[in-house]
Amino acid sequence: MFKKTLLASAFGAAMLTAALPQAALADNTLRMAYDADPVSLDIHEQLSGGILQLSHMVFDPLVRWTKDYQFEPRLATEWEQVDDTTLRIKLREGVKFHSGNDFTAKDVAWTIERLQRSGDFKAIFETIDSVNVVDDHTVEIVTKQPDPLLLNIATYIFPMDSEFYSGETDSGKAKDEIVKNGNSYASTHVSGTGPFKVTGRQQGVKVEFERFADYWDTESPGNVDHIVLTPINENATRVSALLSGDVDFIAPVPPNDLERVEADPDAKLVTMSGTRIILLHMNQERVEAFKDARVRQAFTYAINQEGIASRLMKGFATPAAQLSPEGYAGHNPDLTPRYDLEKAKELMAEAGYEDGFSITMMAPNNRYVNDAKIAQAVAAMLAKINVRVDLKTLPKAQYWGEYDNRAADMMLIGWHADTEDSANFFQYLTECPNAETGAGQYNAGNYCNPELDKLLEQANLELDKDKRADMLQQIEQGLYDDAAFVPLHWQDLAWASANNADIEPILNVMNFPYLGDLVIEE
Amino acid sequence: MTTSTTPSSTTPSPSTPSRWERFRDSFLLYSFKRDLVAQLSLIIFILMVGAAVLAPWLAPTNPYDLASIDLLASELPPFWIEGADPLYVMGTDAQGRDLLSTILYGMRVSLVIGFGAVLLQATIGVCFGLLAGYLGGRIDAFLMRLADIQLSFSTLMVAIVVGALFKSIFGGATYSDYAMWLLVLIIGLAEWPQYARTVRASVLAERAKEYVDAARVMGLRRRRIMFRHILPNTLSPIFVISTVQVANAIISEAALSFLGLGMPETQPSLGSLIKSGFDYLQSGSWWITLIPGLVLVVLVLVINLLGDWLRDVLNPRLYKG
Amino acid sequence: MIAFLIKRLFHALLVMFVISLIAFAIQDNLGDPVQQMVGQSVPESERAALREELGLNDPFLVQYLRFAVNATQFDFGYSYVFHEPTTQVILRHLPATLELVFASTLLIILLSVPIGVYSAIKPRAWLSRFFMGVSIVGISIPVFLTAIVLIQLFAIGISWSPFPADTSWGGWLNGLISTEGGLPAYGRGNPEHVFGTWYTNFTSLKGLTYLILPAISLASIMLPLFIRLIRAEMLEVLQSEYVKFARAKGISMRRIYFVHALKNTMLPVITVGGVQIGTLVAYTILTETVFQWPGMGLMFLDAINRSDIPLIVTYLMIVGVIFVVTNTVVDLIYGLVNPTVKLTGKPA
């Protein structure tokens, strides 16, 4: 009664909405559990991990990331920079949407136009000035300024079936409208080019997928015929479901359960050093002492990143001394964590704060892995240089409001660069805050170094990869010397599966498993 | 409903012996001397309260002093298990805090909240009960209806809802600042009906008695009659429920803390200690959650046993339900 | 009678009105739901637009009236987190809670009746004393602690070896005090679909194993109460003239105990049990949190943490209705059986 039947009208054929029939047992079925199911089938409604994971199942991007940050052609087969602001893209031929429509250049143009209307995506796609359809399988993307990150952005372009989403529903609403928190046509109907079709969905209970018979990528080794995605929000339950054989693949695996999974002979665990940096901002506007670089440095010297990573995170984090993780253009290999309590005390004394001072600190308690515990440990470490910390931890729903108000002297934040590029970190976390341009939107330290900002500006227009990387690494060095913030660690990623699912090759640090290529051994 | 006053503890005998003599000869002491469980419970209770009060002097470390905490010493087991550090008798928690010290301080918080909440609910409940019982009429109907509705929701449910509301109204940050007093308020507000009902029932019984009539005829003021004449005669049932209510309040506080609506982890009560340790149960560090749990159970159990004994001795007819 | 029901209906509406008003009054403090709906890099202007669209900027009264009008048609709005009507979210979580409550009620009845009756018939037997002792310990253990201990014992398992393990008797004794573990402790596994939103754990042995620990935990808190209650009521009945008379008439003791006495015991037990429903709901919140049992209690706590205001309000209102209804039914039964109780609602 409460089950929604999807796509039935679109495909005409009667769809099976019940659980997989027994006859399908010979098929390869992957039962998987994530911490949440996608909030919507409209991939432009929200920019979140869940939606991107769905996008990679039901759609294909123009290009996608490989494990080592290279671009792999998907619906785009080749591309060339025509001039500084124009990229010409050749599209794959013979690709069909789930609805049966052919994929052409106008679908790409339509999709980018829709992305520019989406509240969550428009910031990323602001750089695009126009999209020209050259012929059925060629498009040109024109940017407002030279943009070295255009291909990074292209990983977010999952062409949608423009014909399928055009027109009006029976109730007179445009099929392509993007509605947050409500029922739109696109949020319950979907047609993409991806390896899987959605065959059934009960919000909050499960989503069922079936392999798309006409999928273009016939070379893909993937042999999964059906997928049942169940959301299990509770960490321990999710792990138990895998260990008891109720599901075959889970993500994320919480640090406290890593040992449990590893000890089980029927399950395997894959972990990777992640790209989400966890850090603390030191607010210079609220605390006079933070204006002194020596005090900020003392804070970075006082905190034992290795200890947090090995003890609290059980080795499930990579200690950080900068924002960019390894593999990012801006990653500066010379920068290492600088825990040294004696040095920290010296610096405090030099700055005239031998007796320390009191500060307030806030952290979320249900956003990042062990967030509240990390903040507590940091408070204890700062006590050793006589800094008295008044710590508050809040649920994320309340935390971000406090964060926007810069309500505490030190605030914890985690950041993942949507573009998988260092510039994104700087733009949101360390640029001089500017309410008009939106620069430094999450720079709760009010740290401001105009020279580094200038360097960032140049890097954002530099199309030469090596030169650009050099600039970004200089910025990291500058931030490190200034001790602009207290870096803690990059949160690791972990997945686990039953032994017969070969998940390792399809996983990546962006956390979009390419399930279309998953091989299940018989 | 009648209240049977205790044989000798409250009615002064004609020869007016000293307070101590009266106590020594009382039935209360007599039955206590014969009840081993009650004696043992009282001893343990006094020991625990003493340990909590003296925590700053007894505890090896001060868990509120962050500088003494070493993260690298986290999750050490208690002394009888291999890998323990003799410095930490009961082991350490996930932050590296000495568990024995946190338990002593946590017990303090739990006891303060328990007694504070009971004091508050007794004050509210006794006042409302007296008013309802003595004045009757509309006030009686209104107060008892309120008590009925609240009791039908169950005290724990009311506490959870009020706790959630308070946490929302004040915001998580302010809430944790005043968590201890807010918890006293929440549990006090949630559980007053028990007192109100008991007191009202006793008042109704007392009011019918001659001495009250006599007082009224003498022209004494209402308030004086209520507090000076009726209240003292309802004391024994109040005393009995109070013990049970302290145990209940401690459990309620623990439950709220366990749900994340109580004391923050930085100023732990027994409940929030159990909560923070629960995450580590699966990874084998059972002591972080089970040792504070055991302490909580023993504390509540001895209070309940004392309450049981008191009920048997004073034998008041309590309002059922 | 009808006046009584109308009065109760009025109470129910009043309770719901107060709950909705309070919940609405605090919603600003519960956090910003918009934060949950958008990505992190979304500019403030977008958020403001969304807030406007959701009507979060309207005056309090406008928002409340909009809610109240819809509520009269059983439309309590959309959950911010689940993107579907809150009633539907609750319907989806309801079966899990009901199954848990059902299983533990079954446990309570199956255990408390025989134990209560036994300890009333033989109040001085050592077994009776043992049961009474255990029951006071039971009352003193908070439900979440029982749950944690059960998980440690039967899901994780403990192995103790205070006895020499190399001797056969030592090994045997060690085995006796150690536990195996392995029982599922989290979630409800793969329950089978029945119809609508109802998935059940009762159709398979595996499904039942998921119920064992949560059901025992939930039952543990009520069990001592009922054992004591049944014992007390039974003792009273056994001393009544009526039983003495039956005994004098030569009716067999077994018949007296289990037919005559028990029948008279059950009435007060049922009414008290009905009133305890509220307590049981509160305890499901705790039990479900520990076992991550995907029922209404866990949903409610999650909703608080995610500031899903429509869902919180709906939950509280539905729980309020459940309370008022059960209490009314209990009062009705009590009134029907015991005509001296006036149903006009005046405090007795």
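What radius of gyration does chain C have, and what would a compact globule of 348 residues have? Chain C has 25 Å, whereas a compact globule of 348 residues would have a radius of gyration near 20 Å. Keep in mind during the tour that this is a predicted model. Its overall scores are ipTM 0.81 and pTM 0.82.

**Stop 1: chain C**

Select chain C and hide the rest. Along the principal axes, the C-alpha atoms of chain C fill a box of roughly 80 × 70 × 35 Å. Switch to a cartoon view to see 14 helices and two strands in chain C. Of the 348 residues in chain C, 39% are buried. Now look at contacts between residues of chain C with a separation of 6 or more: 69% of them join residues 24 or more positions apart.

Next, colour chain C by pLDDT. The average for chain C is 81, and 91% of the residues score at least 70. Select residues 86-121 of chain C, which form helix α5; among the elements of chain C, this helix has the highest mean pLDDT, 91. Then select residues 33-37 of chain C, helix α2, where the mean pLDDT is the lowest among those elements, at 69. Go on to residues 341-348 of chain C, where the pLDDT is below 50. In the model, this stretch has 14 contacts beyond near neighbours in sequence.

**Stop 2: chain A**

Show chain A alone. Its secondary structure comes to 16 helices and 19 strands. The C-alpha atoms of chain A fill a box of roughly 75 × 55 × 40 Å along the principal axes. A compact globule with 522 residues would have a radius of gyration near 24 Å, and chain A has 24 Å, so the two agree. Buried residues account for 53% of the 522 residues in chain A. Among contacts in chain A with a separation of 6 or more, 69% are between residues 24 or more positions apart.

**Stop 3: where chain A meets chain C**

Bring chain C back beside chain A. How many residues does each chain give to this contact? Chain A gives 34 residues and chain C gives 35 residues. On the chain A side, select α7 (235-243) and α13 (396-404), the elements that give two or more residues to this side. By class, the side of chain A that touches chain C has 14 nonpolar, 15 polar and five charged residues.

**Stop 4: where chain A meets chain B**

Hide chain C and show chain B. Here 24 residues of chain A are in contact with 18 residues of chain B. Elements of chain A that give two or more residues to this side include α8 (258-263), α10 (305-312) and β15 (388-394). Which element gives the most to the side of chain A that touches chain B? Helix α12(A) does, with six residues; select 371-383 of chain A to see this helix. The side of chain A that touches chain B divides into eleven nonpolar, five polar and eight charged residues.

**Stop 5: the core**

In soluble globular proteins, nonpolar side chains tend to be buried together. The largest nonpolar core in this model has 322 residues. Select Ile250(A), Leu280(A), Met361(A) and Ile160(B), the residues with the most contacts inside this core. Then select residues 99-135 of chain B: this is helix α5 of chain B, which supplies the largest share of the core, 17 residues.

Finish by centring the view on Met361(A). Leaving aside neighbours within four places in sequence, Met361(A) is in contact with residues including Ala375(A), Ala379(A), Val389(A), Leu391(A) and Ala408(A). Asp390(A) and Asp409(A) are also among the contacts of Met361(A).

Conventions. Residues are numbered from 1 along each chain as its sequence is written. Chains are lettered from A and ligands numbered from 1 in the order in which they are written. Two residues are in contact if their C-beta atoms, placed from the backbone, lie within 7 Å. Helices (H or I, at least four residues) and strands (E, at least two) are DSSP runs, numbered from the N terminus. Ala, Val, Leu, Ile, Met, Phe, Trp, Tyr, Cys and Pro count as nonpolar, Asp, Glu, Lys and Arg as charged, and the others, Gly among them, as polar. The radius of gyration is taken over C-alpha atoms; the globule rule is 2.2 Å times the number of residues to the power 0.38. A residue is buried if 20 or more other C-beta atoms lie within 10 Å of its own, exposed if 12 or fewer, and partly exposed in between; C-beta atoms are placed from the backbone. pLDDT is the predictor's confidence in each residue, from 0 to 100. A nonpolar core is a set of buried Ala, Val, Leu, Ile, Met, Phe, Trp, Tyr and Cys residues joined through C-beta atoms within 7 Å.
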